[in-house]
Each structure stands twice: as structure tokens, then as C-alpha cells.
Amino acid sequence: MAPLCPLVDSFGAHRAQRLVFYENLFFMVDHDSNGYLTKDQTFGLLSFIAIETSRANLEKVYRRFDNNGDNFITQEEARRGIEPEMRPTRLLSPASLRNR
């Protein structure tokens, strides 16, 4: 039986692959394996990804991920921070393209 919506089905597989990628990235950055990322670890990663970003932008992104404000990002906080970016409507929306 053919899938009802191939785009959604392929997006589901793509989403799963991206989540695995980001979880692996989390563990690579968490080089001391304590289960959370410090601000320094996170800024190092964000600076690498967004080479020309300001400290203010790094702080903004960090606060978005650090839900409880304890200055550590757990794997769960990282996952919650990434998942909204992976919704099909977010990825395909013209407004989301203008905001990048």
C-alpha cells in the first residue's frame, strides 16, 4: 500500500535522521560526558556553526535552549530546542525563510 502522503513519510524519516545527528553532536560536544553542556561548550559549538555571530546572538540562542535558566543545557533541553526547527511548516514556510 502506498503512503498517504509521501512528503510527510519522507519528512518523518528525515526528522529521525536529524534528531540522531543532533544527539550525536550533543555527545561530541559534551566531552566530559556529564550529560549537559556548559555555556562555554555551547558557545564553542554555536560559534563554529554560525561563524560571524555576535555574543548577544549566542546569548539569545543559549537562553532559548536553557529552559530552566541553570546555565546548563541538558540533552532534553537541546532536543526541545531543536524540534521546533524541524516541523514541516517551519521548514517550508516563506516567513521562516525570511527570518533566517
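**Exercise 1.** How many helices and strands does the protein have?

*Solution.* Start with the source: this is a predicted model. Count the elements next. The protein has 6 helices and 2 strands. Now put them in order. From the N terminus, the elements run α-β-α-α-β-α-α-α.

**Exercise 2.** Work out how confident the predictor is along the chain.

*Solution.* Take the average first. The mean pLDDT of the protein is 76. Then take the share of residues that score at least 70: it is 70%. Last, look for a weak stretch. Over residues 89–94, pLDDT stays under 50. For this stretch, the model has 10 contacts beyond four places in sequence.

**Exercise 3.** Describe burial, surface and contacts for the whole protein.

*Solution.* Burial comes first. Of the 100 residues, 25% are buried. Next comes the surface. The protein exposes about 7200 Å², and carbon and sulfur atoms supply 60% of that area. Then take the contacts with a separation of 6 or more. Residues 24 or more positions apart account for 44% of them.

**Exercise 4.** Locate Asp 30 and describe its surroundings.

*Solution.* Step one is position. Asp 30 sits in the loop between α1 (6–29) and β1 (36–38). Step two is burial and charge. Asp 30 is buried, yet it has no salt bridge. A salt bridge needs the charged atoms within 4 Å. The nearest side chain of opposite charge, Arg 79, is 12 Å away. Step three is polar atoms. A polar atom of the Asp 30 side chain lies 2.9 Å from the backbone nitrogen of Gly 35. Step four is contacts. Beyond its neighbours within four places in sequence, Asp 30 touches Gly 35, Tyr 36, Leu 37 and Gln 41.

Key:
Residues are numbered from 1 along each chain as its sequence is written. This is a predicted model: local features need pLDDT of at least 70, side-chain atom pairs count only at pLDDT 80 or more; totals for chains, interfaces and linings use all residues. Side-chain values use heavy atoms; hydrogens and water are left out. pLDDT is the predictor's confidence in each residue, from 0 to 100. Contact means heavy atoms within 4.5 Å. Helices (H or I, at least four residues) and strands (E, at least two) are DSSP runs, numbered from the N terminus. Buried means under 20% relative accessible area, exposed over 50%, partly exposed in between (1.4 Å probe, protein chains only). Lys and Arg count as positive and Asp and Glu as negative; His and the chain ends are not counted. A polar contact is a pair of N or O atoms within 3.5 Å; within protein, one must be able to donate a hydrogen and the other to accept it, and residues adjacent in sequence count only if both atoms are side-chain atoms. Accessible areas come from the Shrake-Rupley method with a 1.4 Å probe; for residues, only the protein chains shown count as cover.
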